[in-house]
Amino acid sequence: MVTYKPQSEFDNETNSVWQNLILKTYSENEFESNPRGMRVLEVLNGSYTVPMPAYISLVKRNINKKFMFAEAAWIISGSNRLSDLTKTMKMYANFSDDGVFLRGAYGPKVVDQLPYIVDTLVNDNDSRQAVMTIWRERPAPSKDIPCTVAAQFFIRDKKLYAIFTMRSNDAILGVTYDVFSFSMIAKSVQLLLRAKGVLCELGTLTVNAGSLHIYEQHFKNIYQWSTTTEVDTALEETVNSLRWVDTYEELINKLQELSN
């Protein structure tokens, strides 16, 4: 079991959770499958929990920071425009059916349901009904089928907890960016609750994935990613500064600013 302690003022537990997750998925996988002709090592019903805001700050992971912020802004602003993402991640053009929009975009579904989530929790702080669905029933053939099925939010002990259910989660490319985007959706809920007089801090994010997997192209990097300790302190400072954003609109603007 790999253990990790960040060498910075921020105790970014997400790094160690991710390192353990990829090592276990690689070395203790349950299945080897070949979706669309690509070899993957896979764990069914994989699950992990991280504190929010969750993000990966390991230098050797070499994440696309501008895309990380752009994707989160794209989602919580409700956009489905391809051009909002290709500025920072050109490969997303491969998933658009018409070259203009992404059919599986989370944003429109998330923004449409945020008022329901907030009102449900305002009316009953202990509610178990604050659920949003992202999956489209009977989705038509598309290059962009959503990986996330649903999200649920709880207020417990004055903290906001988020649980995301996914049909599929790439432990390398997916987890790296998903945990931050999911945290920013939760942050949006937190800020909208605050605007209605319900104060709570961010708690943990739990992700349950039907298929948690690693593609063959990433096998060669598992050891170095799971043992490295160097962190991007500038990224950690930037993400932690988002804790002090006051409004939902300010969060969108801040994320958009960071993506440029």
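Me: Which residues is Leu205 in contact with, leaving aside its neighbours within four places in sequence?
Reply: This model is predicted, with local features needing pLDDT of at least 70, side-chain atom pairs counting only at pLDDT 80 or more, and totals for chains, interfaces and linings using all residues. Residues are numbered from 1 along each chain as its sequence is written, and side-chain values use heavy atoms, leaving out hydrogens and water. Contact means heavy atoms within 4.5 Å. Apart from its neighbours within four places in sequence, Leu205 is in contact with Tyr48, Thr49, Val50, Met52, Ala54, Ala162, Phe164, Val179, Phe182 and Ser183.

Me: Which helix gives the most to the largest nonpolar core?
Reply: A nonpolar core is a set of buried (under 20% relative accessible area, 1.4 Å probe, protein chains only) Ala, Val, Leu, Ile, Met, Phe, Trp, Tyr and Cys residues joined through side-chain atoms within 4.5 Å. The largest one has 75 residues, of which Phe153, Leu160, Phe180, Leu205 and Leu255 touch the most other members. Helices are DSSP runs of H or I with at least four residues, strands are runs of E with at least two, and both are numbered from the N terminus. With 11 residues, the helix that gives the most to this core is α5 (residues 173-195).

Me: How are α2 and α4 oriented to each other?
Reply: Helix α2 (residues 65-76) and helix α4 (residues 107-123) pack with axes 7 Å apart, at an angle of about 50°. Axes are lines fitted to C-alpha atoms over the stretch in contact, and angles run from 0 to 180 degrees between N-to-C directions. Angles under 35 degrees count as roughly parallel, over 145 as roughly antiparallel, 65 to 115 as roughly perpendicular and the rest as oblique. The orientation of α2 and α4 is therefore oblique.

Me: Which residues of α2 and α4 make the contact?
Reply: The helices in question are α2 (residues 65-76) and α4 (residues 107-123). From α2 come Trp74, Ile75 and Ile76, and from α4 come Gly107, Val110 and Val111.

Me: Is His213 buried or exposed?
Reply: His213 is found in strand β6 (residues 201-215). Its side chain makes a polar contact (a pair of N or O atoms within 3.5 Å, one able to donate a hydrogen and the other to accept it; residues adjacent in sequence count only if both atoms are side-chain atoms) with the side chain of Ser211, at 3.0 Å. Since the relative accessible area of His213 is 5%, this residue is buried.

Me: Which backbone nitrogen does the side chain of Ser127 reach?
Reply: Ser127 lies in the loop between α4 and β3 (131-133). At 2.9 Å, its side chain reaches the backbone nitrogen of Gln129.

Key:
Buried < 20%, exposed > 50% of the residue type's maximum accessible area, 1.4 Å probe, protein only.
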